[in-house]
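Reader: I'd like to go through this model with you, strands and pockets included. Could you put it up so we can chat?

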Amino acid sequence: MTVSMTNGTLNYLAKLQQEYPELLLMQDQDKTVAYYEGEKASFFAEGRDFEVVESSGEVQSTGFVVMNNIPVSDEGRPVFEDRFKKRAGSVENMEGFQAIRILRPVKGNTYVVFTQWRNEQSFENWKNSQAFEKAHENSGPQSKEKPSFIDGKPYITKYQMIQLE
């Protein structure tokens, strides 16, 4: 399975969604993203393409999305991916969880840990839980030392799924 994303104006992406109804749209203030997940090759002229390393749940047309963008060194990729393959899976048991995707970039070095929640409060509850602390004890935001596979400054983007009439 592959994932492709692209940014654009709401009007442009809405027209693209009319042509490709399988596209999902998400927005944060003035930023709009089109998201495609499936077996087809990307149809975005200027998209970001990913291979799915791990997945759980179904990405839905409604919900709140958090993308943790993590630059990973070439030699650190196997270690990074192995950590997710061995993860406890506690996020899936959280109230309001909808989906998770660990996305390996086809080009570049920035992986995306994509999680989708029923709403923003569900994500905040996860972030403030003991399960979150345990999952991130060696590499999370409070960790003093960043893991050796990190190759830049990670950043988070958040979006609300939108449905057009």
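Reader: How many bridges join E5 to E8?
Author: Strands here are DSSP runs of at least two residues, numbered from the N terminus, and two of them pair if DSSP finds at least two bridges between them. This is a predicted model, where local features need pLDDT of at least 70, side-chain atom pairs count only at pLDDT 80 or more, and totals for chains, interfaces and linings use all residues. Residues are numbered from 1 along each chain as its sequence is written, and side-chain values use heavy atoms, with hydrogens and water left out. E5 and E8 run antiparallel, and the bridges joining them number six.

Reader: And which residue in E8 is the bridge partner of Asn-69?
Author: Asn-69 falls in strand E5 (64-71), and E8 covers 155-162. Across the bridge from Asn-69, in E8, sits Tyr-155.

Reader: Which residue in E8 stands opposite Met-26?
Author: E8 also pairs with strand E2 (residues 24-28), in the antiparallel sense and over three bridges. Opposite Met-26, in E8, is Met-161.

Reader: Is Pro-78 buried or exposed?
Author: Pro-78 is in helix H2 (residues 77-85), a helix being a DSSP run of H or I with at least four residues. Buried means under 20% relative accessible area, exposed over 50%, partly exposed in between (1.4 Å probe, protein chains only). Pro-78 has a relative accessible area of 56%, so Pro-78 is exposed.

Reader: How far apart in space are Pro-78 and Val-59?
Author: In sequence, 19 residues separate Pro-78 from Val-59. In space, C-alpha to C-alpha, the two are apart by 25 Å.
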